[in-house]
Amino acid sequence: MSTAYEQSGRTRQKQRTRNDLIAAARELITEGGSAPTVEEAAAAASISRTTAYRYFRSQAELLAAAHPEVELTTLLPADSGDDPETRLLTVVAAFIESLLKFEPQQRTMLRLSLEPSTQPDQLPLRQGRGIGWFEDALSPARDRLSEAAVHRLAIAVRSAVGIEALVWLVDVAGLSRDEAADVMLSSARAIVRAALSEGAEA
């Protein structure tokens with residue numbers, strides 16, 4: 001979300017400045033695994049602190065913008081067909097690929113999302129983006145499942161796929177990241193097949 005300052009004149013230059021701050025924040029997260037402040041991102045991008053705060057009023061706003069998937073509305077390719085299981089597993093695979101690619105950022109977001117002071121609307125992990133993408137993939141299943149059932153199914157898949165699951169599988173269970181990815185995809189497959197089978201029987 002852009003600020004009023006960004007929308008007032010010289011928008012291209014301001015967009016470049018905003019992008020530089022976001023890129024700097026992502027780089028700092030990747031390098032150090034910690035959450036950079038607005039000041040730290042400004043210094044890394046060679047932008048004054050005063051200017052940086054015109055774009056991001058708080059660390060939470062900066063980190064939300066730096067989340068790698070913040071601009072995506074769907075993970076489905078253009079021609080995805082109408083089979084809900086195939087569509088969902090395609091989205092889950094893309095979700096996992098992005099998760100592994102941006103794991104440092106995702107771990108930082110997870111850590112911040114667990115802090116009591118973090119508000120639900122401040123970080124993408126608390127906004128249910130994954131659930132929305134999974135519901136989008138499952139839309140053809142609405143001919144056999146109710147709207148509520150599709151939503152529950154998307155939640156069930158999200159509970160088995162994401163940074164939370166990856167952290168447990170890698171850090172606690174001791175799996176490699178490739179093994180963890182396979183487990184998450186297999187779990188999603190089992191969950192969606194069971195739900196669609198029950199829906200067909202009903």
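How many of the eleven residues of α7 are buried? In this predicted model, eight of the eleven are buried, and the helix is mostly covered. The buried residues of α7 are E103, Q105, Q106, T108, M109, L110, L112 and S113. The report returns to this helix after an account of the overall fold.

**Overall fold**

The secondary structure of the protein consists of eleven helices and zero strands. Along the sequence, the pattern therefore reads α-α-α-α-α-α-α-α-α-α-α, under the rule that helices are DSSP runs of at least four residues. The protein has 202 residues, of which 43% count as buried. Among contacts with a separation of 6 or more, 64% join residues 24 or more positions apart.

**The nonpolar cores**

The largest nonpolar core has 36 residues, and within this core L88, V92, F134, V157, V161 and M184 touch the most other members. At least two residues of the core come from each of α6 (84–101), α8 (129–137), α9 (147–160), α10 (163–172) and α11 (177–201). A second core, separate from this one, has 13 residues, including V38, Y55, F56 and A66.

V92 illustrates how the largest core is joined. When neighbours within four places in sequence are left aside, V92 is in contact with F134, V157, V161, L185 and A188.

**Two helix pairs**

Two pairs of helices may be set side by side.

| Helix pair | Angle between axes | Distance between axes | Residues in the contact, by class |
|---|---|---|---|
| α6 and α8 | about 150° | 8 Å | eight nonpolar, one polar, two charged |
| α7 and α10 | roughly 105° | within 10 Å | four nonpolar, one polar, four charged |

How are α6 and α8 oriented to each other, roughly parallel or roughly antiparallel? Their angle is about 150°. Angles over 145 degrees count as roughly antiparallel, and α6 and α8 are therefore roughly antiparallel to each other. The crossing of α6 past α8 is right-handed. On the side of α6, the contact involves P84, R87, L88, V91, V92 and F95, which meet G130, W133, F134, D136 and A137 of α8. L88, V92 and F134 thus appear both in this contact and among the core residues that touch the most other members.

The spacing of residues along a helix helps in reading such lists. An α-helix has 3.6 residues a turn, so residues three or four places apart point the same way.

The second pair has another arrangement. Helix α7 comprises residues 103–113, and its axis crosses that of α10 at roughly 105°. Angles from 65 to 115 degrees count as roughly perpendicular, and α7 and α10 are therefore roughly perpendicular to each other. From α7, the residues E103, Q106, R107 and L110 take part in the contact, and from α10 the residues I163, E164, L166, V167 and D171. Of the α7 residues in this contact, E103, Q106 and L110 are buried.

**Two individual residues**

V167 is placed in helix α10. Apart from neighbours within four places in sequence, V167 is in contact with R107, L110 and V172. R107 and V167 are 60 residues apart along the chain, and their C-alpha atoms are separated by 8.1 Å.

E85 lies in helix α6. Is E85 buried or exposed? Its relative accessible area is 18%, and because a residue under 20% counts as buried, E85 is buried. Not counting residues up to four places away in sequence, E85 touches R189, V192, R193 and L196.

Conventions. Residues numbered from 1 in each chain as written. Predicted model: local features only at pLDDT ≥ 70, side-chain atom pairs only at ≥ 80, totals over all residues. Heavy atoms only, no water. Core = buried A, V, L, I, M, F, W, Y, C linked by side-chain atoms within 4.5 Å. Buried < 20%, exposed > 50% of the residue type's maximum accessible area, 1.4 Å probe, protein only. Contact = heavy atoms within 4.5 Å. Axes fitted to C-alpha atoms, helices over the stretch in contact; angles between N-to-C directions. Parallel < 35°, antiparallel > 145°, perpendicular 65-115°, else oblique. Left-handed = near helix turned anticlockwise from the far one by under 90°. Nonpolar A, V, L, I, M, F, W, Y, C, P; charged D, E, K, R; others polar.
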